[in-house]
Amino acid sequence: MSGNETGSREGDAFQTPRNVTLEEYDSDSSDSFFSDKQDDADDDFFDADGFLKSPGGAPRDATTGEQACASGGGSTSAVHDSDAEPVETDADPAQSDPAERTLTDEERSMLNERATAAKVEGNEHYRAQRYDEALQCYERALEVAPADDPDRAVYYFNCAAVHEKKGELDEVIKACTNALSIRPEYAKALARRSTAYESQDKIIEASDDMKRACEIEPSNSNYRMKHSILEPRAAAKRKAEMDEMMGKLKDLGNSILGKFGLSLDNFKMEKDANSGSYNLSMNK
């Protein structure tokens, strides 16, 4: 991962506290392809909204003071009351369809804070390997975030990280595809989807995704290395698929010509050096 990604505001699920790494790719060796450090802000005693962090490390909701979402697996987080009325509003915007009306700036800010708090708590669960709880938090972030919030791409990406840990490859691909529908230039989502495709032996799709990631981040040596491994395998598979298709077409042609006592073996194709076109002629 490029250095400018370290400590980014995204808080992607595979970012970790100092001196701890999470694998982005599974390789044949025990070394991961790359790792990230967690944001420095996670070392503070207060969360981004100014609330004192709970003993479990989970932030509290910006409007209710309660923790962002339900936790389990020994977590000290409390259950977040998603139906509590926000301060100075007549209805909870999280309970209405954002597509039905325009959110006020105050409502949008409140929903973004709730979504961010849920994501941060999800990251804590992820690092503690409480994957079900992490997924619950990331999905909660998607529920409350405004429909046009670009950070929804991050929430989908973090869902993909959880599904990857659980071996749910189809869900990884679906979540990454959702992230890319919001942010088409999301190189990390392309790289994670590529890994899932490779695990399903969809080598052509895996290579295509990694190639695109390289185009977006040409300085990322890990992407380039991975693509250099995938592309020869993808080229071989493309050739095999082409040979198979041509074989089927030949069989179809022979089935038709056979009615006239002919076969494609009775014909040959020659390329015209001047025009580049092909001429079909019968063998003598």
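# Close-up views of a predicted model

**View 1. Asp201, at a relative accessible area of 46%, counts as partly exposed.** Everything shown here comes from a predicted model, so keep that in mind as you go through the views. Asp201 sits in the loop between helix 5 and helix 6, the latter covering residues 203-216. What is the phi of Asp201 like? Its value is positive, near 65°, and Asp201 is a residue other than glycine. That is worth a look, because most residues other than glycine have a negative phi.

**View 2. Gln129 also has a positive phi, of about 65°, although it isn't a glycine.** You'll find Gln129 in the loop between helix 1 (105-127) and helix 2 (131-144). Is Gln129 buried or exposed? With a relative accessible area of 60%, above the 50% cut-off, Gln129 counts as exposed.

**View 3. Helix 1 leads up to Gln129, and its length agrees with what you'd expect.** The 23 residues of helix 1 should span 33 Å at 1.5 Å a residue, and the C-alpha atoms at its two ends are indeed 33 Å apart. After helix 1 comes Gln129 with its positive phi, near 65°.

**View 4. Helix 2 is mostly covered, with 10 of its 14 residues buried.** Among the buried ones are Tyr131, Leu135, Tyr138 and Leu142, and so are the charged-sounding names Glu133 and Arg140. What do the buried residues of helix 2 pack against? Their partners are helix 1 and helix 3. End to end, from first C-alpha to last, helix 2 reaches 20 Å, close to the 20 Å expected for its 14 residues at 1.5 Å a residue.

**View 5. Two tyrosines, Tyr126 and Tyr131, meet edge-to-face.** How many aromatic pairs does a search of the whole structure find? It turns up 2. In this one, the rings of Tyr126 and Tyr131 are 5.5 Å apart, centre to centre, with 65° between their planes. Both Tyr126 and Tyr131 are buried.

**View 6. Phe157 and Tyr186 form a tilted aromatic pair.** Their ring centres are 5.3 Å apart and the planes make an angle of 35°. This pair links distant parts of the chain, 29 residues apart: Phe157 belongs to helix 3 (residues 152-165), while Tyr186 is in the loop between helix 4 (169-182) and helix 5 (187-199). Why does Phe157 count as buried? Its relative accessibility is 0%, and anything under 20% is called buried. Tyr186 counts as buried too, because its relative accessibility is 3%. Tyr186 has a charged visitor as well: the charged end of Arg183 sits over its ring, 4.3 Å from the centre.

**View 7. The largest nonpolar core has 39 residues.** Which of them touch the most other members? They are Tyr126, Tyr155, Val162, Tyr186 and Tyr223. Helices 1 to 6, along with helix 7 (221-257), each give two or more residues to this core. Helix 3 gives the most, with 9 residues. As a bit of background, nonpolar side chains tend to be buried together in soluble globular proteins.

**View 8. Val154 in helix 3 is tucked away as a buried residue.** Val154 counts as buried because its relative accessible area is 1%. Now look for Lys119: Val154 and Lys119 are 35 residues apart in sequence, and their C-alpha atoms are 9.0 Å apart in space.

**View 9. Helix 6 has 14 residues, among them several that are buried.** Ile203, Ile204, Ala206, Ser207, Asp209, Met210, Ala213 and Cys214 are buried in helix 6. From its first C-alpha to its last, helix 6 reaches 20 Å, close to the 20 Å expected at 1.5 Å a residue.

**View 10. Stepping back, the chain has 7 helices and 4 strands.** Read along the sequence, they follow the pattern β-β-α-α-α-α-α-α-α-β-β. Of the 284 residues in the chain, 42% are buried. The accessible surface comes to about 15,400 Å², and 50% of that belongs to carbon and sulfur atoms. Among contacts between residues at least 6 apart in sequence, 48% join residues at least 24 apart.

Note on methods: Residues numbered from 1 in each chain as written. Predicted model: local features only at pLDDT ≥ 70, side-chain atom pairs only at ≥ 80, totals over all residues. Heavy atoms only, no water. Phe/Tyr/Trp six-rings, centres within 6.5 Å; stacked < 30°, edge-to-face > 60°. Buried < 20%, exposed > 50% of the residue type's maximum accessible area, 1.4 Å probe, protein only. Lys NZ or Arg CZ within 6 Å of the ring centre and 35° of its normal. Contact = heavy atoms within 4.5 Å. Areas by Shrake-Rupley, 256 points an atom, 1.4 Å probe, with all protein chains shown as cover. Expected span 1.5 Å × (residues − 1). Core = buried A, V, L, I, M, F, W, Y, C linked by side-chain atoms within 4.5 Å.
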